[in-house]
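Biologist: I have a new model open on my screen. Could you show me how to read its features?

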Amino acid sequence: MSGQSNKGTAVVTGASSGIGAVYADRLAGQGYDLVLVARRADRLEELAEKLRYAYGHKVGVISADLADDNDVRRVEQAIAADDSVTLLVNNAGLGGAPLVATADADVAERMIKVNVIALTRLTRAVLPGLIARNRGAIVNIASVLAFDTSFGGIYSGTKAYVVNFTEALQREVAGTDVTVQVVLPGATRTDFWEAAGSDINNVPQEIVMSADDLVDAALVGLARGEAVTAPGLADAAKLDAFLGARQGFFGSLHANKPAARYAA
Ligand SMILES: NC(=O)c1ccc[n+]([C@@H]2O[C@H](COP(=O)([O-])OP(=O)(O)OC[C@H]3O[C@@H](n4cnc5c(N)ncnc54)[C@H](OP(=O)(O)O)[C@@H]3O)[C@@H](O)[C@H]2O)c1
């Protein structure tokens, strides 16, 4: 077992499969100690053992259901108390495209709890320590569906929250050495699709990325200090144009009288 890493500790939620498991591998490879969070303890332990053996860093495991209030608080307490934490990857999430009228309300609530509430609470847990130590990063995994509602309002709504929340966080840490990144995966080949009741083989394969490629690109973006990383976007100028247009639109929404077209 090695001593404490110079890189500090990376907390990765949803590390038991898919994108989170790749983050765990890459971050261990970069020299981080790890804390891996998800429900499936057996898969976390298996991955932890593999990474300890491969990279020689400390890898801790917290089995927790991030839709469960008590479990989320347990994770918060553990990571807030750990001064070695330098990176939080809020990756755990679940999808699905139910119509609101027919959705199972409890399933919808679980999605919101994991994708939104847990992400918010875990960020709140580590942010003061990162700012106090003036070091580290938070990576929030959103989705391209933050900008598209054709696969249902609940998932899209959760990911739009992640984007706005992260942008506001970036303003909060401006002037410190803490960085905050939001990642926008498109269709990525993981268990996510099956868990959401879909089949990724029905998606045109030319737009499906591997989790390895997605995470490697996102980590390049993080190393460059990118605020918004969209690995599938070929033309980066489109992102700047979109964000600029949105800011300009916001600026034109204010007036002391309704617009002329609303005259009775
Ligand atoms: N795959 C895509 O096409 C795609 C596209 C855009 C965005 N994303 C986002 O990428 C992130 C990772 O997804 P993925 O594609 O890697 O899917 P995945 O392979 O299904 O992984 C999801 C991870 O989240 C964890 N998780 C789910 N519910 C949880 C809960 N209640 N408590 C704790 N952990 C929970 C799962 O662990 P346990 O089951 O062990 O708890 C698993 O480790 C998600 O936020 C997703 O929204 C994915």
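Modeller: Let us go through the core and then the salt bridges. This is a predicted model, so local features need pLDDT of at least 70 and side-chain atom pairs count only at pLDDT 80 or more, while totals for chains, interfaces and linings use all residues. Residues are numbered from 1 along each chain as its sequence is written, and side-chain values use heavy atoms, leaving out hydrogens and water.

Biologist: How many residues are in the largest nonpolar core?

Modeller: In soluble globular proteins, nonpolar side chains tend to be buried together. A nonpolar core is a set of buried Ala, Val, Leu, Ile, Met, Phe, Trp, Tyr and Cys residues joined through side-chain atoms within 4.5 Å; buried means under 20% relative accessible area, exposed over 50%, partly exposed in between (1.4 Å probe, protein chains only). Here the largest core has 35 residues, and Val37, Leu66, Val75 and Ile138 have the most contacts inside it. Helix H4 gives the most, with 8 residues; helices and strands are DSSP runs (H or I, at least four residues; E, at least two), numbered from the N terminus.

Biologist: And which side chain meets Arg26 in a salt bridge?

Modeller: A salt bridge is a side-chain nitrogen of Lys or Arg within 4 Å of a carboxyl oxygen of Asp or Glu. Arg26 pairs with Asp212 at 2.8 Å, N to O. The partners sit in helix H1 and helix H7, 186 residues apart. Both belong to a salt-bridge network with Asp25 and Asp216.

Biologist: Is Asp212 buried or partly exposed?

Modeller: Asp212 is partly exposed, because its relative accessible area is 35%.
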